Amino acid sequence: MFQDKRAKNKPNRHHSVPYLCCIAMNRNFNDLLNLASHLTFRRVFNFGKVAGSYFISKWTGKVRHSGMPVSLSFEPTTSCNLRCPECPSGLRSFTRPTGMLDPVFFKKVIDDVHKDLLYLVFYFQGEPYLNPSFLELVSYATSKKIYTATSTNSHYLNDENAKKTIQSGLDRLIISIDGTTQETYSSYRVGGDLEKVVAGARNIIKWKKALKSSTPHVIFQFLVVKPNEHQMNDVLTLAKEIGVDEVAFKTAQIYDYENGNNLIPENTSYSRYQKNASGKWEIKNRLLNHCWKLWHSCVITWDGRVVPCCFDKDAEYVMGELKTNGFHSIWNNENYRNFRASVLRSRSEIEMCKNCTEGTKVWT
């Protein structure tokens, strides 16, 4: 996971990389153990019902669904301080309103679903730390013994927020760092300041140590695009120096890709797209007619709309409104049943699914 260029105190320099890979693997194993510690009999039983109904639906081509979500994504806000070129929040291109998740509303929904819910992601669009109640929301979910995660651009992880983040009980913190020099970083993270990102990561690691906390599991997420792919090794070195637990290299979703795009990396291993026989670009994976996400999770926008997954960034496929209906009544309502059926019938005909890799490699 991490590269080590120091030979000090090691009998064989060639052992350094495997040695540090073992450290990273141990940290990942500790995170897995932490996730497992949130399991209850009810949550395990719920997972079994959801997975069983998914397999039956996949094999028969007919919708069967039982159980409640294993995982949820809750949107703290649509606001963002950056202007990333492939992000609707950064581009300010939403047709839906911008706003902040209300703590009272959030707690009401969590009270309704927490007994079955294992994993809660505080992210959809926007920068979570812009919501002044964000860490209060995390603390509430923690009190319900739910595994919590979020993704941040790290511009608001000052010393105070870093300490409060540790105290909130957050289990996983993904920090987007798409470059190791300011020029490269800001070529995608437009308006961003790499020094603030690094300082935020250091603050988190400092307070983890000071408070003797094993959480959150800190991940540097590196979105691989052509302008930054030459710095992939450099981010491994930086992560090791700071004390980050894991580095995750992520492929980029690109909206306008058919005629090529300057963001598509030359390293095809980190591209979602490839050229076809006609010279046009296409998504690598076949759109198989099933999707695990539609059975085990969903997304709730800041204003209470339930949408099928994180690819529905503008909330075009609304399954129901939590401001007027309870979650249980929405999760298996007619809208949801029809949408799941359409995925089983022909996923390639659903617009938001055309640029998606989810469901193409899961349990096939």
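Modeller: On a 1 Å grid over the protein atoms alone, a cavity is a set of points where a 1.4 Å probe fits but cannot get out. This is a predicted model, with local features needing pLDDT of at least 70 and side-chain atom pairs pLDDT 80 or more, while totals for chains, interfaces and linings use all residues. Residues are numbered from 1 along each chain as its sequence is written, and side-chain values use heavy atoms, without hydrogens and water.

Biologist: How many cavities of 30 Å³ or more does the structure hold?

Modeller: The largest cavity has about 70 Å³ of space, a volume being the space filled by probe spheres set on grid points joined across faces, edges and corners. Its lining (residues with an atom within 4 Å of a point) has 10 residues, with C291, L294, C309, M352 and C353 nearest the centre. The number of cavities of 30 Å³ or more is 1.

Biologist: Lovely! How much space lies in the second largest pocket?

Modeller: A pocket is an open set with protein on both sides within 12 Å along at least five of seven lines. Of the 15 lining residues here, Q253, Y255, E351, M352 and N355 are closest to the centre. The space comes to about 350 Å³.

Biologist: Which helix gives the largest share of the largest nonpolar core?

Modeller: Such a core joins buried (under 20% relative accessible area, 1.4 Å probe, protein chains only) Ala, Val, Leu, Ile, Met, Phe, Trp, Tyr and Cys residues through side-chain atoms within 4.5 Å. Among its 89 residues, F106, L120, F220, V306 and F327 touch the most other members. The largest share, 7 residues, comes from helix α8.

Notes: Buried means under 20% relative accessible area, exposed over 50%, partly exposed in between (1.4 Å probe, protein chains only). Helices (H or I, at least four residues) and strands (E, at least two) are DSSP runs, numbered from the N terminus.
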